[in-house]
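Trainee: Could you take me on a close look at a single part of this model, the helix that carries the tyrosine on its surface side, and then show me how the rest connects to it?

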Amino acid sequence: WIDLFENAPIGGGLAKCNPLAYWTLEDTFDYIAKYEVPHHPLHAQGYPSHGDAKDTIPIPEDGSTKFVNFKFEGDPTPWLDYASERKGRFVG
């Protein structure tokens, strides 16, 4: 896991703060909507996550869930479930 705060190594260096380390996908989109933060245009086409060509797919595959104009169109549950599955891949 990644620590929210990482101390500077002995003898100097920079300390780190990782404030987004434990945000969920829902937290992220809530923040994007609240502050109207620009986000990837593929969200409006049904893609919750972006990676290589093999792993960048719309969820659900029919593209019925989208994030357009800072709000979800369709049921966001498939995106949130997909994010839960993907978070197991993160090892800090």
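Mentor: Happy to! Our starting point is Y31, which lies in helix α1, residues 25-35. Keep in mind that this is a predicted model. Y31 counts as partly exposed because its relative accessibility is 40%, and partly exposed covers the range between under 20% for buried and over 50% for exposed. Y31 joins L20, W23 and Y35 in a nonpolar surface patch of about 440 Å². For scale, the chain as a whole exposes about 6,700 Å², with carbon and sulfur atoms supplying 57% of that area.

Helix α1 also takes part in the interior. The largest nonpolar core has six residues, namely F29, I32, I59, F67, W79 and Y82. Two elements, α1 and α2 (77-87), each give two or more residues to this core. It helps to place these helices in the overall order: the chain has two helices and four strands, and along the sequence they follow the pattern β-β-α-β-β-α.

Now look at W79, a core member that lies in helix α2. W79 counts as buried because its relative accessibility is 0%. Leaving aside neighbours within four places in sequence, W79 is in contact with L25, F29, H43, G46, Y47, P48, I59, T65, K66, F67 and F72. The C-alpha atoms of W79 and P58 are separated by 9.1 Å, with their positions 21 residues apart along the chain. Y82, another member of the core, touches P48, S49, D55 and I59 when residues up to four places away are not counted. P48 and I59 therefore appear in the contact lists of W79 and of Y82, if you read the two lists side by side.

From I59 we can step into the loop that follows α1. The peptide bond from I59 to P60 is cis, with omega near -15°, and P60 lies in the loop between α1 and β3. T56 is in that loop as well, the one running from α1 to β3 (66-68). At 15% relative accessibility, T56 counts as buried. The side chain of T56 reaches the backbone nitrogen of G51 at 2.7 Å and the backbone oxygen of D52 at 2.9 Å. Beyond four places in sequence, T56 touches L42, Y47, S49, H50 and G51.

The loop between α1 and β3 also holds E36. E36 has a positive phi of about 50° although it is not a glycine, and with a relative accessibility of 53% it counts as exposed. A second residue of this kind is N69, with a positive phi of about 50° and likewise not a glycine. N69 sits in the loop between β3 and β4 (71-73), and it counts as exposed at 64% relative accessibility.

On the other side of α1 in sequence, N18 lies in the loop between β2 (16-17) and α1. N18 is buried, with a relative accessible area of 17%. Setting aside neighbours within four places, N18 is in contact with I2, D3, L4 and E6.

Notes. Residues numbered from 1 in each chain as written. Predicted model: local features only at pLDDT ≥ 70, side-chain atom pairs only at ≥ 80, totals over all residues. Heavy atoms only, no water. Patch = residues over 30% accessible without salt bridge, like charges linked within 9 Å, V, L, I, M, F, W, Y side chains within 5 Å. Areas by Shrake-Rupley, 256 points an atom, 1.4 Å probe, with all protein chains shown as cover. Salt bridge = Lys/Arg side-chain N within 4 Å of Asp/Glu carboxyl O. Buried < 20%, exposed > 50% of the residue type's maximum accessible area, 1.4 Å probe, protein only. Core = buried A, V, L, I, M, F, W, Y, C linked by side-chain atoms within 4.5 Å. Contact = heavy atoms within 4.5 Å. Polar contact = N/O pair within 3.5 Å; in protein donor to acceptor, adjacent residues only side chain to side chain.
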